[in-house]
Amino acid sequence: MRVVVLDYGSGNLRSVERALQRVGADVEVTADRHAALNADGLVVPGVGAFAACMKGLKSVHGHRTVGTRLAGGRPVLGICVGMQILFERGIEHGEETEGCNEWPGTVERLEADVVPHMGWNTVRAPEGTTLFDGMDEDTRFYFVHSYGVRKWELESGGTIAAPLVTWANHGCDFVAAVENGALSATQFHPEKSGDAGAHLLKNWLKSL
């Protein structure tokens, strides 16, 4: 599978590239919109502040690229802040920034005694998951973040399948991953999560 890792000035680009290559993907790291639109899969990484990531994403028209791919049912995977910017808005230090608005919801500071949430943690994946297929409940993934989505706000109904939401806890529950048709995302870093992260990325590749 041909996968583009979107280079918009944020994220562990080379680590993500190596992790995807490890599980058999043909990977290109680029900001080129044509390549991003036409790849079998697009990965949107991200580290740092929500506002800075959105600014960088817009500078390469990444928000439009994501929207165009999803409109055509083309898979996208967001990682860490690359997941957060898929939501409606982010609030950091009192500043509110508009996200890609693929999902309603707010990225806000975690309610925990120790922030950032840094290190290994388990997740609670729902039945029917593709990303976590074949993994034990005690499988751990590597997190580094101070902000997250504490409330899932998308109301589901009708004939469209509800998104599969995976949760984790650090002082409070927060969204650890989402599977929503062609759009998937993880708050943790698969590329830093060893064999567990490789398993998840392989599951994602199989779904392309």
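A nonpolar core is a set of buried Ala, Val, Leu, Ile, Met, Phe, Trp, Tyr and Cys residues joined through side-chain atoms within 4.5 Å. The views below show a predicted model.

**View 1. The largest nonpolar core contains 65 residues.** The residues with the most contacts inside this core are Leu-20, Val-43, Val-44, Ile-85, Phe-132 and Phe-141. Helix H6, which comprises residues 194–207, gives the most to the core, with 6 residues. In soluble globular proteins, nonpolar side chains tend to be buried together.

**View 2. Val-44 and its contacts.** When neighbours within four places in sequence are left aside, Val-44 is in contact with Leu-6, Tyr-8, Leu-57, Val-66, Val-76, Leu-77, Gly-78, Ile-79, Gly-82 and Ile-85. Val-44 and Ile-85 are both among the residues with the most contacts inside the largest nonpolar core.

**View 3. Helix H6 and its packing partners.** The buried residues of this helix are Ala-196, Gly-197, Ala-198, Leu-200, Leu-201, Asn-203, Trp-204 and Leu-205. These buried residues pack against two groups of elements: the strands E1 (2–6), E3 (41–44), E4 (76–79), E9 (140–145) and E13 (183–186), together with helix H1 (13–22). The length of H6 can also be checked against expectation: at 1.5 Å a residue, its 14 residues should span 20 Å, and because the end C-alpha atoms are 20 Å apart, the two values agree.

**View 4. An open sheet of 4 strands, in the order E6-E5-E7-E10.** The pairing within this sheet is mixed. Strands E6 and E10 (147–149) are the edge strands, each pairing on one side only. From one strand to the next, the twist averages 20°. Strand E7 (residues 103–109) pairs with E10 in the antiparallel sense over 3 bridges, and Glu-108 stands opposite Gly-148 in E10. Strands of a sheet pair through backbone hydrogen bonds, either parallel or antiparallel.

**View 5. The hairpin of E5 and E6, with helix H3.** Strand E5 (residues 87–92) pairs with strand E6 (residues 95–98) in the antiparallel sense over 4 bridges. Ile-91 has Glu-96 in E6 as its bridge partner. Between the two strands of the hairpin lie 2 residues, and His-93 in the turn has a positive phi of about 55°. Helix H3 (residues 50–59) lies across E5, E6 and E7 and runs at about 30° to E6.

**View 6. Cys-80, a buried cysteine without a bonded partner.** The relative accessible area of Cys-80 is 2%, so this residue counts as buried. The closest cysteine sulfur to that of Cys-80 belongs to Cys-53 and is 8.3 Å away; a disulfide requires sulfur atoms within 2.5 Å, so this pair is too far apart for a bond. By this rule, the count comes to 0 disulfides.

**View 7. Cys-172 in the loop between strand E11 (164–169) and strand E12 (173–180).** Cys-172 counts as buried, at 11% relative accessibility. Not counting residues up to four places away in sequence, Cys-172 touches Leu-110, Glu-111 and Arg-150. Gly-148 and Cys-172 are 24 residues apart in sequence and 10 Å apart in space, C-alpha to C-alpha. For the sulfur of Cys-172, the closest cysteine sulfur is that of Cys-80, at 15 Å, which is too far for a bond.

Technical notes:
Residues numbered from 1 in each chain as written. Predicted model: local features only at pLDDT ≥ 70, side-chain atom pairs only at ≥ 80, totals over all residues. Heavy atoms only, no water. Pairing = 2+ DSSP bridges. Axes fitted to C-alpha atoms, helices over the stretch in contact; angles between N-to-C directions. Contact = heavy atoms within 4.5 Å. Buried < 20%, exposed > 50% of the residue type's maximum accessible area, 1.4 Å probe, protein only. Expected span 1.5 Å × (residues − 1).
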